[in-house]
Amino acid sequence: MKIYKAANYKEMSRKAANILSAQVIMKPNCVLGLATGSTPIGTYEQLVEWYRKGDLDFSEVTTVNLDEYKGLPVTNDQSYYYFMHQHLFDLVNINPVNTHLPNGMEADSEKECRRYEELIHSLGGVDLQLLGLGHNGHIGFNEPDEAFEKETHCVDLQERTIEANKRFFASADEVPRQAYTMGIKTIMHAKKILVIVSGEDKAEIVKKAFFGPVTPKVPASILQMHNDVTLVADEAALSEVIR
Ligand code: F6R
């Protein structure tokens, strides 16, 4: 695993954007696996800036996102579809037809998970997967104790997650109870993986995930078994492992 230490969130975002843009330049028709959450926002901002300067071209790029809430329409500002359009897709020259997320409005979970998994296969797999890291070591919506062998599947959100997310909705009742997510197996099939982490509150989980034992109790720890992982983290997130 390669580790890049960045001074702060801005530098982490810039380094991550560098790695993503190198991928796009080396293989203009690449498949990027993308993530939502607060961590990648700065990375997407940087990519948009470079696109506006004329340094990046997304016209041949295809994207597949990690996850999506089940039951939220794309018009809901908490859907990951909405997030991706707001932070990246609507701001660069990517062809919307080539941007993919699980369809949160498909009620038939088995059908949707099969469709998404087959889609990824039909694209030839993911060239570079961007990941954020949850405080409990989750990646995508793969929470502790999920089997490492899983492909795209539907998860019941933990009460803790519903509680944490309710601030974004009018009430706790409106928070989706389920989500579609790429499984650990899907993620591990990506040719390259880029993990971005920022903040002191993630320092402990960075240590557990990348320097502790590989265990389903810390889903991200499986990334230690992947042969091409780059961790870009700021000093605060690395404070428990690098001084
Ligand atoms: C988002 C995702 C999640 C986040 C994780 C970290 O698509 O799959 O696993 O990457 O929850 O979230 P932030 O970046 O908000 O700390």
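**Close-ups of two pockets and a ligand**

**View 1. The largest pocket, at about 1,100 Å³.** We're looking at a predicted model here. Take a walk around the walls and you'll count 37 lining residues, with G37, S38, Y80, H138 and N165 closest to the pocket's centre. Strand 4 (67-69), helix 3 (80-87) and helix 5 (159-165) are the elements that each give two or more residues to this lining. Sorted by class, the lining has 17 polar, 13 nonpolar and seven charged residues.

**View 2. The ligand in the largest pocket.** What sits around the ligand? There are 14 residues, and T39, D67, H138, G140 and K202 come nearest. Eight residues of this shell are polar, four are nonpolar and two are charged.

**View 3. Polar contacts to oxygen atoms of the ligand.** The side chain of T39 puts an N or O atom 2.4 Å from a ligand oxygen. For the side chain of D67, the corresponding distance is 2.7 Å. G140 joins in through its backbone, with an N or O atom 2.8 Å from an oxygen of the ligand. On its own the ligand has 410 Å² of accessible area, and the protein covers 84% of that.

**View 4. The second largest pocket, at about 190 Å³.** Among the residues lining this one are K2, Y4, I19, M26, L128, L194 and T230. Strand 1 (2-6), helix 1 (9-26) and strand 9 (192-197) each supply two or more lining residues. Helix 1 gives the most, with four. As for class, this lining has seven nonpolar, three charged and two polar residues.

Notes. Residues numbered from 1 in each chain as written. Predicted model: local features only at pLDDT ≥ 70, side-chain atom pairs only at ≥ 80, totals over all residues. Heavy atoms only, no water. Near = heavy atom within 4 Å. Polar contact = N/O pair within 3.5 Å; in protein donor to acceptor, adjacent residues only side chain to side chain. Areas by Shrake-Rupley, 256 points an atom, 1.4 Å probe, with all protein chains shown as cover. 1 Å grid on protein atoms, 1.4 Å probe; cavity = no way out; pocket = protein on both sides within 12 Å on 5 of 7 lines; lining within 4 Å. Sits in = over half its atoms within 2 Å of the grid points. Nonpolar A, V, L, I, M, F, W, Y, C, P; charged D, E, K, R; others polar. Points joined across faces, edges and corners; volume = space filled by probe spheres on them.
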